[in-house]
Amino acid sequence: MSTDWRQWHEHYDDPASGLARRLAVVRDEVRRLLSGRRGARTQVTSICAGDGRDLLPVLASMEVDVDAVLVEIDPVLADRARATVAASGLAQVEVRTGDAGLASALAGETPADVFLACGVFGNITDSDLETTIGALPGLVAPGGAVVWTRGASLRDGELSDHAGDPADLVRELFTRHGFAEDTFVRPADAAFRVGVHRRSSDAAYVALPERMFSFAR
């Protein structure tokens with residue numbers, strides 16, 4: 001893995017960047033999903049969570065009954081997330097420093113009502129993508145939603161062999177593994193995509209593999 005993820009996060013500072021625009025869409029979707037569960041206790045999981053900016057400001061701005069677990073492998077980014085949790089008084093949020101590609105990183109967790117996989121699918125192979133989506137029925141509650149992101153093809157740096165927009169492969173795999181599409185955002189003037197898929201009650205549960213994915217760049 002060669003990407004400097006701390007440096008990568010600096011692109012959020014440009015409000016006109018695709019990353020900043022993607023962040024706004026993700027937060028809107030998380031806010032919509034949490035608003036739809038007002039009055040119910042909600043389990044939230046965020047993998048490869050970085051400094052938590054996809055989720056934590058939304059939780060801090062809403063009065064919702066949430067238990068959340070964020071998993072991030074970079075210790076500096078994880079510490080930044082913990083600092084935000086403390087400053088925001090989010091007592092029911094846990095930040096774990098660990099490899100979210102390992103099933104053990106989420107051991108013992110209640111299946112999520114809202115599951116975030118943002119900044120993940122464009123950094124793994126097609127094989128790992130299918131393994132990960134195939135494992136999600138074991139990590140997401142029936143009716144629960146997965147919020148995910150994917151960039152358009154990076155040409156020479158693209159990891160997917162899918163012809164066309166690689167986000168469409170993500171959508172196909174969710175359908176194949178028992179999820180229904182709730183939302184899909186594909187801006188005409190930007191290279192990011194944001195999707196929300198809900199787990200159907202009859203999605204086949206499979207035992208979690210020891211490793212779901214590894215970042216390939």
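**Entry 1: the cavity**

I looked up the lining of the largest cavity first and found F121, I124, T125, D126, L129, R150, S160, P166 and L169. I took a cavity as a set of points, on a 1 Å grid over the protein atoms alone, where a 1.4 Å probe fits but cannot get out, with lining residues having an atom within 4 Å of a point. Two elements, α5 and α6, give two or more residues to this lining. I used helices (H or I, at least four residues) and strands (E, at least two) as DSSP runs, numbered from the N terminus. The volume of the largest cavity is about 30 Å³, and I count 1 cavity of 30 Å³ or more. A volume here is the space filled by probe spheres set on the points, which are joined across faces, edges and corners. Sorted by class, the lining has 5 nonpolar, 2 polar and 2 charged residues. I counted Ala, Val, Leu, Ile, Met, Phe, Trp, Tyr, Cys and Pro as nonpolar, Asp, Glu, Lys and Arg as charged, and the others, Gly among them, as polar.

I note that the model is predicted, with local features needing pLDDT of at least 70 and side-chain atom pairs counting only at pLDDT 80 or more, while totals for chains, interfaces and linings use all residues. Residues are numbered from 1 along each chain as its sequence is written, and side-chain values use heavy atoms, with hydrogens and water left out.

**Entry 2: the cores**

Which residues touch the most other members of the largest nonpolar core? I found F115, F121 and F174, in a core of 32 residues. At least two core residues each come from β2 (66-72), β4 (112-117), α5 (126-135), β5 (140-151), α6 (166-176) and β6 (179-185). The largest share, 5 residues, is that of α6. I took a nonpolar core as a set of buried Ala, Val, Leu, Ile, Met, Phe, Trp, Tyr and Cys residues joined through side-chain atoms within 4.5 Å. Buried means under 20% relative accessible area (1.4 Å probe, protein chains only), exposed over 50%, and partly exposed in between.

I then checked F115 for contacts (heavy atoms within 4.5 Å). Leaving aside neighbours within four places in sequence, F115 is in contact with T45, I47, L106, L136, L139, V140, A145, V146 and V147. Apart from this core lies another, of 30 residues, including L33, A49, L55 and A81.

In α5 I listed L129, T132, I133, G134 and A135 as buried. The cover over the buried residues of α5 includes α6 and β6.

**Entry 3: aromatic rings**

I counted 6 aromatic pairs. Rings of Phe, Tyr and Trp (its six-membered ring) pair if their centres lie within 6.5 Å; planes under 30 degrees apart count as stacked, over 60 as edge-to-face and the rest as tilted. W148 and F174 are stacked because their ring centres are 6.1 Å apart and their planes stand at 25°. W148 is in strand β5 and F174 in helix α6, 26 residues apart, so the pair links distant parts of the chain. Both residues are buried. F213 and F215 make a tilted pair, at 6.1 Å centre to centre and 35° between the planes. F213 counts as buried because its relative accessibility is 2%. One aromatic cluster is formed by F121, W148, F174, F179 and F184.

**Entry 4: a pocket**

I closed with the second largest pocket, which holds about 450 Å³ of space. A pocket is an open set of points with protein on both sides within 12 Å along at least five of seven lines. The lining has 28 residues, and W5, C48, E72, I73 and F215 lie nearest the centre. The most, 3 residues, come from α1.
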